[in-house]
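Here is a friendly walk through one protein model and the ligands that come with it. Have a look around first, and then we'll go through a few spots together.

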Amino acid sequence: SELRRRAAAIVQEREAGLLHLAMHEPETELPNRRALLSELTRMRQGDSSAVAVIVFGVDRYAAMRAAIGYGLSNEVVREIAARLLRTCRESRVAHLSTGVLGLVLRRPDLAALQAEVEALEALNPAYRVQGFAVDAFLRLGVAYAEGPGFDAEALVEQATTALDECRRLDRRRLVFDSAAFPDPDLNLSLMSDLRQGLERGELSLHYQPKARAEDGCIVGAEALLRWRHPDRGPIRPDVFISAAEETGAIRELTEWTIRRALGDVEQLQWAGRRLLVSVNISGRLLGDQAFRDFVLATIEGGPGDLCFEITETAVIENPAAAVEAIAAFRKAGVKISIDDYGVGLSSLSYLKLLEADELKLDRSLAASAHQGRRDRLIVRSTIELAHGLGMSVVGEGVETPEAQAALAELGCDLVQGYLIARPLPLADLLDFLDAQAKPDVTAAA
Ligand code: C2E
Ligand code: MG
Ligand code: MG
């Protein structure tokens, strides 16, 4: 019987070992995808709290592994996992694939969950393993679900797709809010809704003023799309614009936007206001010959005062075509602005490539203007560089008087952000401009 007991113990130990093998990634000894899925499945049977799956990709993992070897890179991954667990208590971390970690979080409601995801974004990239300093830059893909009975596999898949998209767009974080953006089929139906929405007047443009940093005078405005869906209510532009980019609806949408913006420029001019009106243009459209023909035909004989904002990272996909299109637009009198400057990794090479009239410092960069000495130095040098290249500089996302003052002091030409005004419908923009002008009248009187 002693023998039987030992045999049973060995079998039990082997089973535990096999279970461990089945649930763990051999290289890092961290729980694997299967472990994460079984955890999620357990959660979906529970109460109706909110769940997030966040997938982290270590940027350029293969290059890091080539530089420091398998052993150390695995250690970096383990170190990241440990830091994630310290940041989010009561969470589970798994090693999903090479250089990719997954985290599940459960919190009572969506707001609490989102706040915590924000905190994860700020994770410091510097790690120390076996005495070496390693920078591991993380990208995040996020998917949320609320209430019991969600599809665990679909959630992990959504978060992973978001991460892929994040890498492709060279963005730090991308969230596919499962409530607004559940699956590819619905995505497609959203796009047919968009076409109808355009016809039914559900889309509109709001304008966010751009003020001169030195005296606050409003000299421009950025057109931002708004869509109020009849059943779903307002849909965020980053959600329907990335869907429109995927499905090819972006050209139609942008052409509508340009026509509408030019109409509004005329209205502003009738009201005695000359503002440079900026429209956001997806990088993908720059290679599109039909779009180029549309633009050149539409602006001919038009009111002028038009600017295209192009996001830094979007152009790189087809640089030659983009440079050519931009040159043609500039020749026709359209100003070119480089949007969200300073979020991507390729900022400097981008400046070398593109001739533009304006550089927009991304919110994260602009907000750091009054922070530390190093941040200030970076912002100041960026502004000087842009000036040297003949561009004016806009600070984006300015929310506080301190940020505005610091930007002005560093030589920034224009500021844009909630401090000056939120994006406004055209009628409200006109009221805002009138109100701005009034203090001068009383001062003169
Ligand atoms: P963007 O071009 O960088 O636009 C600035 C975004 O920052 C806007 O978000 C604006 O509402 C927001 N914002 C402005 N001031 C502040 C501030 O002080 N604090 C904070 N936290 N945010 C501020 P919105 O309207 O949600 O647009 C998001 C993005 O969607 C835009 O980023 C742009 O890339 C894209 N988008 C909007 N309209 C269009 C369009 O007509 N065509 C294309 N292709 N993209 C568009
Ligand atoms: Mg913009
Ligand atoms: Mg921007």
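## Two backbone oddities

Between which two elements does the loop holding Asp305 lie? The answer is α10 (289-299) and β12 (306-311). Keep in mind as you look that this is a predicted model. Asp305 isn't a glycine, yet its phi is positive, at about 55°. With a relative accessible area of 17%, Asp305 falls under the 20% limit and so counts as buried.

Glu29 also has a positive phi, about 65°, without being a glycine. You'll find Glu29 in the loop that runs between α1 (2-23) and α2 (33-44). Its relative accessible area is 49%, which makes Glu29 partly exposed.

## Around ligand 1

Now move over to ligand 1, which has 21 residues around it. The ones that come nearest are Glu222, Arg226, Asp339, Glu399 and Tyr418. Sorted by class, the shell is made of 8 charged, 7 nonpolar and 6 polar residues.

Which elements supply at least two residues each to this shell? They are β9 (218-229), α8 (237-247) and β13 (335-341). Of the elements involved, β9 gives the most, with 4 residues.

Some polar contacts are worth picking out. The side chain of Glu222 has an N or O atom 2.9 Å from an oxygen atom of ligand 1. For Asp340, a polar side-chain atom sits 3.0 Å from an oxygen atom of the ligand. Glu396 joins in too, with a side-chain N or O atom 3.3 Å from an oxygen atom of ligand 1. How much of ligand 1 does the protein bury? On its own the ligand exposes 810 Å², and the protein buries 83% of that.

## The magnesium ions

Two of the residues just mentioned turn up again here. The magnesium ion (ligand 3) has protein donors from Asp339 (OD), Asp340 (OD) and Glu396, the last of these listed with two OE entries. These donors lie 2.1 to 2.7 Å from the ion. Along the sequence, the donor residues follow the spacing D-D-x55-E.

There's a second magnesium ion (ligand 2), 3.8 Å from ligand 3. Which residue coordinates both ions? That's Asp339. Asp339 lies in strand β13, while Glu396 lies in the loop between β15 (392-395) and α15 (401-409), so this pair ties together parts that are 57 residues apart in sequence.

Are Asp339 and Glu396 buried or exposed? Asp339 is buried, with a relative accessible area of 4%. Glu396 counts as buried as well, at 11%.

## A stop at Leu433

Last on the tour is Leu433, which belongs to helix α16 (residues 426-444). Leu433 is buried, and its relative accessible area is 5%. Leaving out residues up to four places away in sequence, what does Leu433 touch? Its contacts are Ile218, Leu268, Arg273 and Leu275. One of these, Ile218, carries a number that falls in β9 (218-229).

To get a feel for distances across the model, try going from Leu433 to Glu79. Their C-alpha atoms are separated by 53 Å, and the two residues are 354 residues apart along the chain.

Note on methods
Residues numbered from 1 in each chain as written. Chains lettered and ligands numbered in written order. Predicted model: local features only at pLDDT ≥ 70, side-chain atom pairs only at ≥ 80, totals over all residues. Heavy atoms only, no water. Near = heavy atom within 4 Å. Polar contact = N/O pair within 3.5 Å; in protein donor to acceptor, adjacent residues only side chain to side chain. Areas by Shrake-Rupley, 256 points an atom, 1.4 Å probe, with all protein chains shown as cover. Nonpolar A, V, L, I, M, F, W, Y, C, P; charged D, E, K, R; others polar. Buried < 20%, exposed > 50% of the residue type's maximum accessible area, 1.4 Å probe, protein only. Donors = N, O, S within 2.8 Å, 3.2 Å for Na, K, Ca; no water. Contact = heavy atoms within 4.5 Å.
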